[in-house]
Amino acid sequence: MDEELHERIREVIAGVPVGKVATYGDIASIAGAPSPRMVGRVLSEDGHDLPWQRILRANGTPAPHLAHRQLELLRAEGVLADGQRVNLRTYRWRP
DNA sequence: AATTTGACAATGT
DNA sequence: GACATTGCCAAAT
């Protein structure tokens, strides 16, 4: 049910390996979410224990309010960002 | 009950 | 690359 969706989204996010990243759209598609907004909503509400820093927007740029922190965390994990943008072609997670 | 808002994406101009 | 439009769904006001 709706809780499962919530859990699936968390599951997929948790499944992203270190050193890789995924986009909201990818998570939504893999988890079966009706819209990528659900992913963002889950993270904002319940993403405190998840690797939210590995989730980027479709163009490789992180969410505006987190950008600075997120890039820092990613850098610590080995994901190098070009200024504000991450090379999805290099770091995008593919199942 | 109706509108707005929000960790978004795809397409067109 | 910037800007506008459309689709999307749940929670807050």
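## The surface near DNA strand C

By class, two nonpolar residues, one polar residue and two charged residues make up the surface near DNA strand C. This description, like everything that follows, refers to a predicted model. The residues that surround DNA strand C are Pro34, Ser35, Arg37, Met38 and Arg41. Of the atoms of DNA strand C that come within 4 Å of the protein, 81% belong to sugar and phosphate.

A base of the strand is also approached by the protein. The side chain of Arg37 has an N or O atom 3.1 Å from a base oxygen of DNA strand C.

## Salt bridges within helices

Five salt bridges are found when the whole structure is searched. Three of these are described in this report, beginning with two that lie within helices.

Arg41, one of the residues around DNA strand C, also takes part in a salt bridge with Glu45, with an N to O distance of 3.0 Å. Both residues belong to helix H3, which covers residues 36-46. Arg41 and Glu45 are separated by about one helical turn, because they are four residues apart in that helix. Arg41 has a relative accessible area of 38% and is therefore partly exposed. Glu45 is exposed, because its relative accessibility of 52% is over the 50% cut-off.

A second pair is formed by Arg8 and Glu4, whose closest N and O atoms are 3.7 Å apart. This pair is located in helix H1, residues 2-14, where the two residues are four positions apart, about one turn of the helix. Arg8 has a relative accessible area of 38%, which places it in the partly exposed class. Glu4 is likewise partly exposed, at 48% relative accessibility.

## A salt bridge between distant parts of the chain

Which residue meets Arg54 in a salt bridge? The partner is Glu77, and the N to O distance between the two side chains is 3.1 Å. This pair links distant parts of the chain, as the two residues are 23 residues apart. Arg54 is found in the loop between H3 and strand E2 (55-56), whereas Glu77 is part of helix H4, residues 67-77.

Is Arg54 buried or exposed? Arg54 counts as buried, because its relative accessibility is 9% and the cut-off for a buried residue is under 20%. Its partner Glu77 has a relative accessible area of 22% and is therefore partly exposed.

Conventions. Residues are numbered from 1 along each chain as its sequence is written. Chains are lettered from A and ligands numbered from 1 in the order in which they are written. This is a predicted model: local features need pLDDT of at least 70, side-chain atom pairs count only at pLDDT 80 or more; totals for chains, interfaces and linings use all residues. Side-chain values use heavy atoms; hydrogens and water are left out. A residue is near a molecule or strand if one of its heavy atoms lies within 4 Å of it. A polar contact is a pair of N or O atoms within 3.5 Å; within protein, one must be able to donate a hydrogen and the other to accept it, and residues adjacent in sequence count only if both atoms are side-chain atoms. Ala, Val, Leu, Ile, Met, Phe, Trp, Tyr, Cys and Pro count as nonpolar, Asp, Glu, Lys and Arg as charged, and the others, Gly among them, as polar. A salt bridge is a side-chain nitrogen of Lys or Arg within 4 Å of a carboxyl oxygen of Asp or Glu. Buried means under 20% relative accessible area, exposed over 50%, partly exposed in between (1.4 Å probe, protein chains only).
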